[in-house]
Amino acid sequence: MKQVFSIVAGACLCWLATPAHAQFPLSTVDQAAADRGAKLYSTNCARCHGDDARGTPNGPDMTRSEAVLHDRRESLHGKELGPLLYTLPGHSYHFSDAQLNDLSNFLDFQIGKVLRSGYNDQPQDLLSGNAKAGEAYFNGAGTCTQCHSPTGNLKGVASKYTVAALQQKWIFPGVGFGVKLRRQASVTTPGGQTYAGDVVRIDDFNVTVRGKDGVSRTFSRTPGTKVAVTDPFAGHNALLRKYTDADIHNVTAYLETLK
Ligand code: HEC
Ligand code: HEC
């Protein structure tokens, strides 16, 4: 039940992962909010981001947007989305907090659909990819070998999960069951004291970290307070926008060979 991380030259990441039972994360979607969000979304966003939020040539796939995923993972209910919607080029939406919460629930619901797609409906579709092409992608364009090796930390990974769970794990390793790694923050107070630990909560005004002693401390983000955050899933999240649907099928087919 222990995770071991060792960063050696070349940034090899090794761990002993806990076998997890295949199951999907419990949905935290508020369905009434998601329904209201769907209306806002279809009027304002769908023409560019697609009816199902999976993107069009005019706008990226929302279900693979780092900002949207982060909003979901930290249960921010639109707090991360809000500022983006008036600062992104071409976006000048000023939604109320309630509307942002609705939009966020709608996007969360859509992500859930993507995670589950093919699971209940057509499980066989998940293995329709080409394992050889997936292997090439893993070793090449996918840059997976920066952090993984099929004989190292991904040895036997296919035996740990069902196909659907395996696919979810490699696309969204930071979401759902069995996730042990947390974002880390190091806070240096104006007095020069440093506190480091798991991020419990962070926004523009405050940051709460839980140290090794298990104690959570909250700091105001005054100008003299330095906060450095590291996200163990940043590498994965950055890849999300690169995958094509074909890459996803191929990589899943390849990983499934790592029994
Ligand atoms: C006219 C087309 C258009 C409309 C309408 C539109 N967007 Fe976008 N959106 C884009 C484009 C293009 C980008 C990529 C912008 C960039 O990367 O600079 C984008 C980026 C985003 C991102 C950041 C994605 C990322 O890379 O993480 C979010 C979030 C987003 N849009 C949400 C929305 C929401 C929510 C709505 C509706 C309220 C909306 N957009 C309406 C075209 C549009
Ligand atoms: C920048 C480093 C990095 C890159 C690049 C990267 N990963 Fe990961 N990957 C991680 C980390 C960190 C985890 C989480 C490990 C944990 O939770 O113990 C992870 C988890 C996984 C898991 C789940 C393993 C398990 O035992 O549960 C799979 C499968 C996976 N990644 C596949 C891939 C694939 C395929 C690619 C390339 C498309 C890739 N990763 C790219 C760092 C990376």
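This report describes the helices, nonpolar cores, ligand shells and two backbone outliers of a predicted model.

Local features are reported at pLDDT of at least 70 and side-chain atom pairs at pLDDT 80 or more, while totals for chains, interfaces and linings use all residues. Residues are numbered from 1 along each chain as its sequence is written, and chains are lettered from A and ligands numbered from 1 in the order in which they are written.

**Overall content**

The protein has 10 helices and 5 strands, taken as DSSP runs numbered from the N terminus (helices: H or I, at least four residues; strands: E, at least two). Of its 259 residues, 25% count as buried. A residue is buried if 20 or more other C-beta atoms lie within 10 Å of its own, exposed if 12 or fewer, and partly exposed in between, with C-beta atoms placed from the backbone. Among contacts with a separation of 6 or more, 59% join residues 24 or more positions apart; a contact requires C-beta atoms, placed from the backbone, within 7 Å.

**Nonpolar cores**

A nonpolar core is a set of buried Ala, Val, Leu, Ile, Met, Phe, Trp, Tyr and Cys residues joined through C-beta atoms within 7 Å. The largest one has 15 residues, and Tyr-41, Val-68, Leu-103, Phe-106 and Leu-107 have the most contacts inside it. Helices H1 (31-44), H3 (66-73) and H5 (97-116) each supply at least two residues of this core, and the largest share, 5 residues, comes from H5. Beyond its neighbours within four places in sequence, Tyr-41 is in contact with Ala-46, Leu-103 and Phe-106. Another core, of 14 residues, lies apart from the largest core and includes Phe-138, Ala-164, Leu-166 and Tyr-254.

**Packing of H6 and H10**

The axes of H6 and helix H10 (residues 245-255) come within 7 Å and cross at roughly 100 degrees. That angle makes H6 roughly perpendicular to H10. Axes are lines fitted to C-alpha atoms, for helices over the stretch in contact, with angles from 0 to 180 degrees between N-to-C directions. Angles under 35 degrees count as roughly parallel, over 145 as roughly antiparallel, 65 to 115 as roughly perpendicular and the rest as oblique. On the H6 side, Ala-131, Ala-133, Gly-134, Glu-135, Tyr-137 and Phe-138 meet Asp-247, Asn-250, Val-251, Ala-253 and Tyr-254 of H10. The contact of H6 with H10 has 7 nonpolar, 2 polar and 2 charged residues.

**Ligand shells**

A residue belongs to a shell if its C-beta atom, placed from the backbone, lies within 6 Å of the ligand. For the classes, Ala, Val, Leu, Ile, Met, Phe, Trp, Tyr, Cys and Pro count as nonpolar, Asp, Glu, Lys and Arg as charged, and the others, Gly among them, as polar.

| Ligand | Shell | Closest residues | Classes |
|---|---|---|---|
| ligand 1 | 21 residues | Asn-44, Cys-45, Cys-48, Gly-59, Ser-65 | 12 nonpolar, 7 polar, 2 charged |
| ligand 2 | 25 residues | Gly-142, Cys-144, Cys-147, Trp-170, Gly-235 | 15 nonpolar, 7 polar, 3 charged |

Around ligand 1, the elements giving two or more residues are H2, H3 and helix H4 (81-87). Around ligand 2, they are H7, helix H8 (163-171), helix H9 (234-240) and H10, and H9 gives the most, with 3 residues.

**Backbone outliers**

Most residues other than glycine have a negative phi. Ala-53, in the loop between helix H2 (46-49) and H3, has a positive phi of about 70 degrees. Ala-53 is buried, with 25 other C-beta atoms within 10 Å. Thr-143 has a positive phi of about 55 degrees and is found in the loop between helix H6 (131-139) and helix H7 (157-160). Thr-143 is partly exposed, with 15 other C-beta atoms within 10 Å.

Terms used: Two residues are in contact if their C-beta atoms, placed from the backbone, lie within 7 Å.
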